[in-house]
Amino acid sequence: MDRVPILRIGDNLFVSIQVDLQDDTVLQLQEDLAEELSGTGARGVIIDITAVEIVDSFIGRMLTTIGSISRMFDAETVLVGMRPAVAITLTELGLSLRGVRTALNAEKGLRLLAARDG
Amino acid sequence: MQIDSSQTRMAAVLRENQDKILARWSETVLASSSGRGGAEAVGRELADILGLLERAMTGADESAPGELRAALAELSRSRAREGATPSDTAMSVFALKDAVYELMADKAEMVPEFLAFSRMVDDLGLQTFETYVTAREQIIADQAESMLELSTPVVRLWDGIIAVPLVGTLDSARTQLVMEKMLNALVDEGAEHAVIDITGVPTVDTEVAQHLLKTVMAARLLGAECTISGIRPQIAHTIVSLGIEFGDIATKATLADALAFALRRSGLKVGPA
């Protein structure tokens, strides 16, 4: 099974999804992320989905869940690099990803998190 | 096309009287088409069709029916280009019946053959009609497509601010296109603000509002913020009467207001030079 790596950059965790998302990959990622957040006390999570071309409602919900999990550890989630086609699909599915912030690219996402910390 | 003995007999009659029929047919067609195209060209065209028809009826060669259809389609197209109505074209095909009937008027024993022949000519006439309609429909579809392309420009107002001026009625197909173009522009330009200007949209009903909301939601997923501008007084009135909620989406009266708002949000300020 593919495992999504979680990188630590300063106060933030960086997750870049480069593989096709299977349901069990996603569940594993949620567990790993919770583990990492509790271990490091990170303040922000950046999820880069530039390489993700196909999403379904399960993945949409998983993104919201990750947002909620991060909140438990007082960390903010920023989703970056979403493709237009993916955004259209999620809208058509009626998912607005509440509790997750979005940015056009990783750089803007980092700036967003930095602005929050003041 | 059914090939049987009556058709073969009819084909023989056509062959024997080919010149006579052709002369009479050309005459009728030329008279009705009020001098469009040269007599020679028309004669050639008709001779071609008559020859193919005869070959198709004898069943001698396989390709004749296909060639006949192609010749008729060509006739229909060239006539349409010259400005003839589809009825004109169909009538000139039907005129063949008159030309043949004159020959057979005194031959009672050939009546079944003539009836079968006449049915065939009717089919051919209808075929020219169909070609005409298909060609027309193709033109309409092409135009609709190019109109869709024309009517959805995305313009860059400032660094990181794009605008989508919408003109005309919004339906699902157009919204889809607008949404795709806008989202792509947001990503390509790295823009964080988009202004959707609806000054040119004649009416806003619940469906249009729904489409607009979807577009804004999709932009938010990318990490960009949308402002809707160009809301005219009547439209504001309709939106409120219909009970449409734009929620936390910023709406402005004019494009200028929306631009000022977007500039402020990006931390920029325009002042006197």
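This passage walks through a predicted model of two protein chains, A and B, beginning with each chain and ending with the space that both help to line.

Chain A is a good place to start. Its secondary structure comes to 4 helices and 5 strands, and reading from the N terminus the elements follow the order β-β-α-β-α-β-α-β-α. Chain A has 118 residues, and 47% of them are buried. Contacts between residues at least 6 apart in sequence were also considered: in chain A, 74% of these join residues at least 24 apart.

Chain B has 273 residues, of which 41% count as buried. Its secondary structure contains 10 helices and 5 strands. For contacts in chain B with a separation of 6 or more, residues 24 or more positions apart account for 71%.

Three loop residues of chain A deserve a look of their own. Leu93(A) sits in the loop that links α3 (84-92) to β5. With a relative accessibility of 44%, Leu93(A) counts as partly exposed, because it falls between the 20% limit for buried residues and the 50% limit for exposed ones. Once residues up to four places away in sequence are set aside, Leu93(A) touches Asp56(A) and Ser57(A). Leu93(A) and Asp56(A) are 37 residues apart along the sequence, yet their C-alpha atoms are 8.2 Å apart in space.

Leu97(A) belongs to the loop between α3 and β5 of chain A. The relative accessible area of Leu97(A) is 4%, so this residue is buried. Its backbone is worth checking too: phi of Leu97(A) is near 50°, a positive value in a residue other than glycine. Most residues other than glycine have a negative phi. Asp74(A) is another non-glycine residue with a positive phi, near 55°. This residue lies in the loop between α2 (57-72) and β4 (76-80) of chain A. Is Asp74(A) buried or exposed? Asp74(A) is exposed, because its relative accessible area is 53%, over the 50% cut-off.

In chain B, helix α3 offers a clear example of how a helix can be described. The helix covers residues 39-58, 20 residues in total, and spans 29 Å from its first C-alpha to its last. That span is close to the 28 Å expected at 1.5 Å a residue. Several residues of α3(B) are buried, among them Val42(B), Leu46(B), Ile49(B), Leu50(B) and Leu53(B). Glu54(B) is also one of the buried residues of this helix, as is Met57(B). What do the buried residues of α3(B) pack against? Their partners in chain B are α1 (5-16), α2 (18-32), α4 (64-81), α5 (86-104) and α6 (111-150). Just after the helix comes Gly59(B), with a positive phi of about 70°.

Further along chain B, helix α8 contains His211(B). A relative accessibility of 11% is under the 20% cut-off, so His211(B) counts as buried. Leaving out neighbours within four places in sequence, His211(B) is in contact with Asp171(B), Ser172(B) and Thr175(B).

The two chains also meet each other. Contacts join 17 residues of chain B to 15 residues of chain A. The size of an interface is often given as the accessible area lost when the parts come together. For chains B and A this buried area is about 1,400 Å², with 67% of it on carbon and sulfur atoms. Which three residues of chain B supply more of the area it buries against chain A than any other three? They are Lys214(B), Leu221(B) and Leu222(B), which together supply 46% of that area.

Finally, there is the open space in the model. Rolling a probe the size of a water molecule over the atoms shows where empty space is left. The largest pocket has a volume of about 860 Å³. Its lining consists of 30 residues, and the closest to its centre are Arg101(A), Thr102(A), Gly223(B), Ala224(B) and Glu225(B). Both chains therefore help to line this pocket, given that lining residues have an atom within 4 Å of a pocket point. Elements that each supply at least two lining residues are β5 (101-103) and α4 (106-117) of chain A, together with α8 (206-222) of chain B. The most comes from α4(A), with 4 residues. By residue type, the lining divides into 11 nonpolar, 8 polar and 11 charged residues.

Definitions and conventions:
Residues are numbered from 1 along each chain as its sequence is written. Chains are lettered from A and ligands numbered from 1 in the order in which they are written. This is a predicted model: local features need pLDDT of at least 70, side-chain atom pairs count only at pLDDT 80 or more; totals for chains, interfaces and linings use all residues. Side-chain values use heavy atoms; hydrogens and water are left out. On a 1 Å grid over the protein atoms alone, a cavity is a set of points where a 1.4 Å probe fits but cannot get out, and a pocket is an open set with protein on both sides within 12 Å along at least five of seven lines; lining residues have an atom within 4 Å of a point. Grid points are joined across faces, edges and corners, and a volume is the space filled by probe spheres set on the points. Ala, Val, Leu, Ile, Met, Phe, Trp, Tyr, Cys and Pro count as nonpolar, Asp, Glu, Lys and Arg as charged, and the others, Gly among them, as polar. The expected span of a helix is 1.5 Å times one less than its number of residues. Buried means under 20% relative accessible area, exposed over 50%, partly exposed in between (1.4 Å probe, protein chains only). Contact means heavy atoms within 4.5 Å. Buried area is the accessible area (1.4 Å probe) that two parts lose on being put together, summed over both.
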